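Colleague: Before I rely on the labels attached to this model, I would like to hear how each of them was reached. Could we go through them one at a time?

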Amino acid sequence: MESLRIIDTWPVTTAAAAVVRADGTVLGTHGPADHRFPLASVTKPLAAYAALVAYEEGAVELDEPAGPEGSTVRHLLAHTSGLAFDEHRVTAPPGNRRLYSNAGFEVLGDHIAKASGIPFAEYLRQAVLEPLGMTSTTLDGSPARDGVSAVADLVRFAAEVQAPRLLDPRTVLEAQSVVHPGLKGVLPGYGHQSPNDWGLGFEIRDSKSPHWTGNTSSPATFGHFGQSGTFLWIDPVAGASCVALTDRAFGPWAAQAWTPFTDAVLAELS
């Protein structure tokens, strides 16, 4: 895909990108697909997928208590537990506000480790990474932000989310559907959004503006971006997913570059 060559104009040292359809067909790659990049918060969808495997295996229930009083596994996945951004401190009642929380995903990882008897990083490896052949991906710390991966691996994950084999498709549909509709909140890097819609570990585009996806992205688009200059989106209307990884922290350059890049990818897809 010619549109992927746009990453050569980004003010970064190293970047790689790919587009994959639901049937696993890789429509194009550009840059070093096997280069390992820190994922930052693109770690969260991987962690969430492992949590959903734990749910389907019966290790946890989505509505069982987890985290602050009144909070559940579902609240933690949807950033509505009330935990602060980067502190294990309660700042709101569960289900009351959309408070994007790294701490919430750390509590989630601890909860699953306790329920399964397996350290969360190992659970993620056994449940998601190994079955999908994601041999370049590791989690060395927080399930909120300490994943490291390569475009070639994330293409496998993006294909899985579009056409699930590890999970019941109904579970993945629930993960990409709004949990606690109508809640306001701040989307890191893009300011206050009303509503600030999320599913189970995936951010949902809906009508958010400004946003890190394209102006032409469908409202059904979901995924995640990371402060390490990384993103993964899945657009069900376009029938494809795009992954882009870089070695430069998110900042104004990304906010300016990512939207026209995604619009160019979508234009080429259509």
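**Charged pairs and lone charges**

Modeller: In this predicted model, the side chains of arginine 74 and aspartate 63 meet in a salt bridge, with N and O 2.8 Å apart. That pair links distant parts of the chain, since arginine 74 belongs to helix H2 (residues 73-77) whereas aspartate 63 sits in the loop between helix H1 (43-57) and H2, 11 residues apart.

Colleague: What makes arginine 74 count as buried?

Modeller: Its relative accessibility is 18%, and buried means under 20%, so arginine 74 falls on the buried side of the cut-off.

Colleague: Why is the contact between arginine 145 and glutamate 106 called a salt bridge?

Modeller: The closest N and O atoms of arginine 145 and glutamate 106 are 4.0 Å apart, and the rule asks for a side-chain nitrogen of Lys or Arg within 4 Å of a carboxyl oxygen of Asp or Glu, so the pair is counted as a salt bridge. This pair, too, links distant parts of the chain: arginine 145 is in the loop between strand S4 (138-139) and strand S5 (147-149), glutamate 106 is in helix H3 (residues 102-116), and the two are 39 residues apart.

Colleague: How do you know whether arginine 145 is buried or partly exposed, and what is the label for glutamate 106?

Modeller: Arginine 145 has a relative accessible area of 33%, which lies between the limits of 20% and 50% and therefore makes the residue partly exposed. Glutamate 106, with a relative accessible area of 18%, is under 20% and is therefore buried.

Colleague: What makes arginine 125 and glutamate 122 a pair within one helix?

Modeller: Both lie in helix H4 (residues 120-132), three residues apart, which is about one turn of the helix. Their closest N and O atoms are 2.6 Å apart, and they form a salt bridge. Arginine 125 at 34% and glutamate 122 at 26% are each partly exposed, because both values fall between 20% and 50%. Elsewhere, salt bridges that share partners join Asp63, Arg74 and Glu174 into one network, and by this rule the count comes to 11 salt bridges.

Colleague: How do you know that aspartate 235 has no salt bridge?

Modeller: The nearest side chain of opposite charge, arginine 205, is 7.7 Å away, whereas a salt bridge needs the atoms within 4 Å, so buried aspartate 235 has none. The residue lies in strand S10 (residues 230-235), its side chain reaches the backbone nitrogen of valine 237 at 3.1 Å, and its contacts beyond four places in sequence are Ser217, Ser218, Thr221, Ala240 and Leu266.

Colleague: Why is aspartate 263 also listed without a salt bridge?

Modeller: For aspartate 263, which is buried, the nearest side chain of opposite charge is again arginine 205, at 7.4 Å, and since the limit is 4 Å, no salt bridge is counted. Aspartate 263 is placed in helix H7 (residues 252-269).

Colleague: What makes the approach of aspartate 263 to threonine 216 a polar contact?

Modeller: The side chains are joined at 2.7 Å, and the cut-off for N or O atoms is within 3.5 Å, so the distance meets it. Among the residues that aspartate 263 touches are Gly214, Asn215 and Ser217.

Colleague: Which residues lie nearest the centre of the largest pocket?

Modeller: They are Ser41, Tyr100, Pro188, Phe225 and Gln227, out of 14 lining residues. The pocket's volume is about 150 Å³, and strand S9 (residues 222-226) gives the largest share of its lining, three residues.

Key
Residues numbered from 1 in each chain as written. Predicted model: local features only at pLDDT ≥ 70, side-chain atom pairs only at ≥ 80, totals over all residues. Heavy atoms only, no water. Helix = DSSP H or I, 4+ residues; strand = E, 2+ residues; numbered from the N terminus. Buried < 20%, exposed > 50% of the residue type's maximum accessible area, 1.4 Å probe, protein only. Lys, Arg positive; Asp, Glu negative; His and termini not counted. Polar contact = N/O pair within 3.5 Å; in protein donor to acceptor, adjacent residues only side chain to side chain. Contact = heavy atoms within 4.5 Å. 1 Å grid on protein atoms, 1.4 Å probe; cavity = no way out; pocket = protein on both sides within 12 Å on 5 of 7 lines; lining within 4 Å. Points joined across faces, edges and corners; volume = space filled by probe spheres on them.
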